[in-house]
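Thanks, everyone; I would like to spend a few minutes on the enclosed spaces inside this protein. Please have the structure open while I talk.

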Amino acid sequence: MTEEIFVSPAESARQYGFTEKVRGIIKEKYGDPKVFVITYGCQQNEADSERLLGIALECGYSRAEKAEDADLIIINTCAIREHAEKKALSGAGSFKKLKEARGDRVLAVCGCMPQQEYRADQIDKSYPYVDLVFGTDRGHLLAEMLYEVLISGKRRRFVSDLPHDRLGVIAEDVPVCRESSYKAWVSVMYGCNNFCTYCIVPSVRGRERSRDPERIIDEVKSLVSGGCRDITLLGQNVNSYSGGIGFPELLDKLARIDGDFRLRFMTSHPKDASDRLTDVMAAHPKKIARHFHLPAQSGSDRILKAMNRRYTREKYMGIVKKIREKLPDAAITTDIICGFPGETDADFEDTVSLIREVGFDMIYTFVYSPRPGTAAAEMPDQIPHEIKVSRFSRLADIQNGISAGINERCVGKTFRVLSDGDGTGRSSQNKIISYDKVLPAGVFADVKITEAQAYALKGTIILKGQEKA
């Protein structure tokens with residue numbers, strides 16, 4: 001495990017010292033300095049970007065509406081699939097002309113992708129106009145890194161070469177600029193110990209480390225008192241949280257906070273989805289969203305073993321059964337990988353049958369993407385791309401029918417919906433619902449469903465709160 005997980009108060013204070021130094025430099029250099037942050041990847045990356053933006057604002061930048069207006073551009077990247085990496089590299093490439101037009105503009109690439117040494121080397125060699133490269137454990141040091149770039153006028157690379165069991169820290173007291181006034185991400189733990197054979201996350205984010213529960217509780221209390229109504233607890237494997245209490249106990253404490261709000265969480269690993277977790281969810285029907293995202297990845301025991309998922313199809317179905325019994329109104333969604341190395345037609349049919357047996361509200365299907373440095377990338381029997389795509393398409397067609405049937409059964413029912421301010425909102429089950437009136441963002445309303453589609457519902461407001469609820 002990481003020897004010194006928590007960034008010390010002294011180090012946090014030192015970083016605030018660098019924000020003052022940067023503020024003075026950029027005020028003189030730019031006059032009215034602006035920052036633009038682009039995020040690729042998962043919700044954890046979005047949460048990280050809010051922290052990076054918060055630090056940048058503390059340094060004296062203001063937000064730019066578009067990259068062209070920015071003096072600092074930060075590209076926060078993902079490495080979970082090759083497609084995500086290519087998008088991030090393409091994004092960096094698109095700013096070459098901006099950099100040529102104004103050489104004093106600072107361009108930074110950070111996050112999971114450059115945490116891989118070969119990608120950091122690629123950025124060094126092929127993207128010479130990128131000024132700053134840093135990895136997943138350096139975000140809280142943004143002010144210091146910017147100071148070095150601004151003072152030296154030279155490119156800087158801050159990517160840790162520590163092994164995964166020592167990579168990563170927890171930095172509290174970092175300023176956060178949230179993208180929404182009524183929805184928020186709250187990271188409760190970082191990293192992963194599971195080492196699924198297809199996944200690069202442990203290598204780029206390190207081993208599991210959990211925040212102190214009291215810091216999480218204080219953060220959620222502050223969000224609720226500030227008007228936040230939808231709070232998502234984040235972790236690579238959120239229900240392996242171990243900050244002195246388990247995740248179900250943390251969730252229970254958070255649900256007891258006064259206020260009218262919903263808690264969500266992701267992502268859950270099936271091996272850690274306990275009876276206690278579903279019991280806590282059942283005990284707080286208003287405070288904890290009726291949505292369980294439970295990645296299955298495959299319906300074949302042979303493939304699950306090759307993936308190092310550490311559960312069987314039977315165990316997975318047992319968890320689903322308990323969710324259905326204790327939370328009959330809950331939506332269950334999942335992730336599925338198509339074309340994992342060695343996946344036969346019979347293995348794929350096991351996945352098809354799992355999807356039909358469970359009746360997921362939605363599945364997020366991915367074509368297997370080999371990640372350098374993972375065990376699966378070295379496995380024999382890599383599946384041809386056309387077969388992966390064919391399986392992907394078949395699953396999508398099957399799931400469309402399942403989702404349509406589930407949503408049809410919602411017609412005539414009433415759901416409490418949190419408005420997104422554009423005539424749509426989301427239910428506790430995380431279903432998108434549109435309705436006949438436009439409500440302010442952050443307002444709860446009761447909506448009776450009148451029409452259903454595979455992935456959307458329409459309805460009529462029958463009761464709405466008179467204030468943000």
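In this predicted model, the structure holds 2 cavities of 30 Å³ or more, and I will take them in turn.

The largest cavity contains about 290 Å³ of space. Its lining is made up of 20 residues, and those closest to the centre are Asp48, Arg51, Thr136, Gly139 and His140. Which elements give two or more residues to that lining? They are helix 2, which runs over residues 43–58, and strand 4, which covers 106–111, and of the contributors it is helix 2 that gives the most, with 4 residues. If we sort the lining of this largest cavity by class, we find 8 nonpolar, 7 polar and 5 charged residues.

Turning to the second largest cavity, its volume is about 130 Å³, and 14 residues line it, with Gln15, Tyr16, His140, Val174 and Pro175 lying nearest its centre. You will recognise His140 in that list, since it was also named among the residues closest to the centre of the largest cavity.

Where does the lining of the second largest cavity come from, in terms of helices that each supply at least two residues? Here the answer is helix 1, spanning 9–30, together with helix 2, and helix 1 provides the largest share, namely 4 residues. By class, this second lining comprises 7 nonpolar, 4 polar and 3 charged residues.

So that we keep one thread in mind, helix 2 appears in the lining of the largest cavity and also in that of the second largest.

Key
Residues numbered from 1 in each chain as written. Predicted model: local features only at pLDDT ≥ 70, side-chain atom pairs only at ≥ 80, totals over all residues. Heavy atoms only, no water. 1 Å grid on protein atoms, 1.4 Å probe; cavity = no way out; pocket = protein on both sides within 12 Å on 5 of 7 lines; lining within 4 Å. Points joined across faces, edges and corners; volume = space filled by probe spheres on them. Nonpolar A, V, L, I, M, F, W, Y, C, P; charged D, E, K, R; others polar.
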